[in-house]
Amino acid sequence: MGTLKFKSFLSKCGLLRNTFLPTRRGSIKILCNYSSGNNLELKENEYNNRSKLLDVHLPNASQPLKLHPIWLRDHCRCPECYNDVTRQRNNDILKLNEQITISTHSQSDGLLHICWSDGHKSTFSIPWLISHTYEGKYKELQEDASRLTTWDGTTVNSLGLEPILYQRMKKEDKILREIYHRVIQYGFVKIEQVPPTELDTKMVIERICRMSQTVFGRFWETGTNFDHKDTGYLNGYLEAHTDNTYFTEAQGLLVFHCTHFNGTGCESFLVDGFHVAKQLKQLDPSAYDYLSKVNIEAEYIEPGEHFSSWGTIFRHNPVTHVLEQIRFNMLDRAPLSNIPQLDVGTFYRHLKTMAMLVKKKENEYQFHLSPGTVMIIDNWRLLHGRGSYRGERVLKGCYYSRSDFMSKARHYGIIS
Ligand SMILES: [Fe+2]
Ligand SMILES: [Zn+2]
């Protein structure tokens, strides 16, 4: 990694601005020494107090990167300690010696070499060290989240998205990557000109990700299948909601393909839950805070099954505290049993404020799902609904699990 590239990497990780001492251009100079660790937190902890942090000085930085020997030892990437292919560790946490010290260390070509007091040797890439410390990783995750484009019923039409065509997505990997990009960026993607057959619908689905098995099967069909009494299988108005609030982990993505419709009505709509979250935060911060903390139980029953799960409407990433999931389905709410009767007034007040924003027409992206268009929707971000209809309508589709879809998105380099 050249100096300029390295500098831009540091900048990306937020470690450049007033953080590291400037050094001579063209050299990566790493000065390692042992500091006593003088912050209060270290004094509070026996292990930390005894340990000596390693100062790694980097170019164009005013402060060193301070690394704990036990962290470094635990993160040794040598083949004995780590499987680089699967990214799994080989070491035993109980054998990790918290008294380990660094005997010698040196640097060359952006690498940090360490000889440990037990004779073990480690080599680290300096950029890897930066991006995997709290400071670097935190920044990266926050940047991922801040890049998302939220929209309402008007702005969604100015996103300027070129149609994605079935014939191209069948053959080109770059189109697959674009599909992942759009889902992460906007919460949805449409694939056009798909013949309205089960075979072609499955072809699209399986080209993108593996289908998830749920109580509704892997590949489902509404309009002809009356095995399930879920409201989504009926023809009445469906208010905007996310699916599976009654699962311990709601399925991550929904895929729809309306393969047949000969009736009237049935306008579909999507609402960007992340946009609604922003609106609620602005309108009533206490409501946002409340709905981020108070759990709501959801349930669903059908013969032989009884699903139930608790969760908040807004769920945040535990590290970055960035909003990660909306869980909103007013029809699947179980009896409200977790709030004392004297406090339920507050609950209903905040819930209705949120529901009012969800139902605002200005927030709805309205469209007609017609044969030929496969739609993929982020079920952790967007709410979906549709008007009532008359006539025959066949909707085919599936779910993708969050883990599976995000794994692929990471593979394509869309998320960290
Ligand atoms: Fe639904
Ligand atoms: Zn090792």
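This section describes a zinc site and the largest pocket in a predicted model.

In the predicted structure, the zinc ion (ligand 2) is held by three cysteine sulfurs and one histidine nitrogen, namely C76 (SG), C78 (SG), C81 (SG) and H120 (NE2), at distances of 2.1 to 2.3 Å. The angles subtended by the 4 donor atoms run from 104 to 117 degrees, and the arrangement is therefore tetrahedral, as all of these angles lie between 85 and 135 degrees. Along the sequence, the donor residues follow the spacing C-x1-C-x2-C-x38-H. Distant parts of the chain are linked by the pair C76 and H120, which lie 44 residues apart. C76 belongs to the loop between α4 (69-74) and β6 (82-83), whereas H120 is found in the loop between β9 (111-116) and β10 (121-125). C76 has a relative accessible area of 1% and H120 one of 12%; both residues are classed as buried because these values fall under 20%.

The largest pocket has a volume of about 640 Å³. Its lining comprises 27 residues, of which D144, E324, R402, M406 and I415 are the closest to the pocket centre. Two or more lining residues are contributed by each of α6 (134-146), α8 (173-186), β21 (323-326) and α13 (402-411). Among the contributing elements, α13 gives the most, with 5 residues. The composition of the lining by class is 12 nonpolar, 8 polar and 7 charged residues.

Conventions: Residues are numbered from 1 along each chain as its sequence is written. Chains are lettered from A and ligands numbered from 1 in the order in which they are written. This is a predicted model: local features need pLDDT of at least 70, side-chain atom pairs count only at pLDDT 80 or more; totals for chains, interfaces and linings use all residues. Side-chain values use heavy atoms; hydrogens and water are left out. Donors are N, O and S atoms within 2.8 Å of the metal (3.2 Å for Na, K and Ca); water is not among the atoms, so sites may look incomplete. Four donors count as tetrahedral if all angles lie between 85 and 135 degrees; four count as square planar and six as octahedral if opposite donors are over 155 degrees apart and all others between 65 and 115; anything else is irregular. Helices (H or I, at least four residues) and strands (E, at least two) are DSSP runs, numbered from the N terminus. Buried means under 20% relative accessible area, exposed over 50%, partly exposed in between (1.4 Å probe, protein chains only). On a 1 Å grid over the protein atoms alone, a cavity is a set of points where a 1.4 Å probe fits but cannot get out, and a pocket is an open set with protein on both sides within 12 Å along at least five of seven lines; lining residues have an atom within 4 Å of a point. Grid points are joined across faces, edges and corners, and a volume is the space filled by probe spheres set on the points. Ala, Val, Leu, Ile, Met, Phe, Trp, Tyr, Cys and Pro count as nonpolar, Asp, Glu, Lys and Arg as charged, and the others, Gly among them, as polar.
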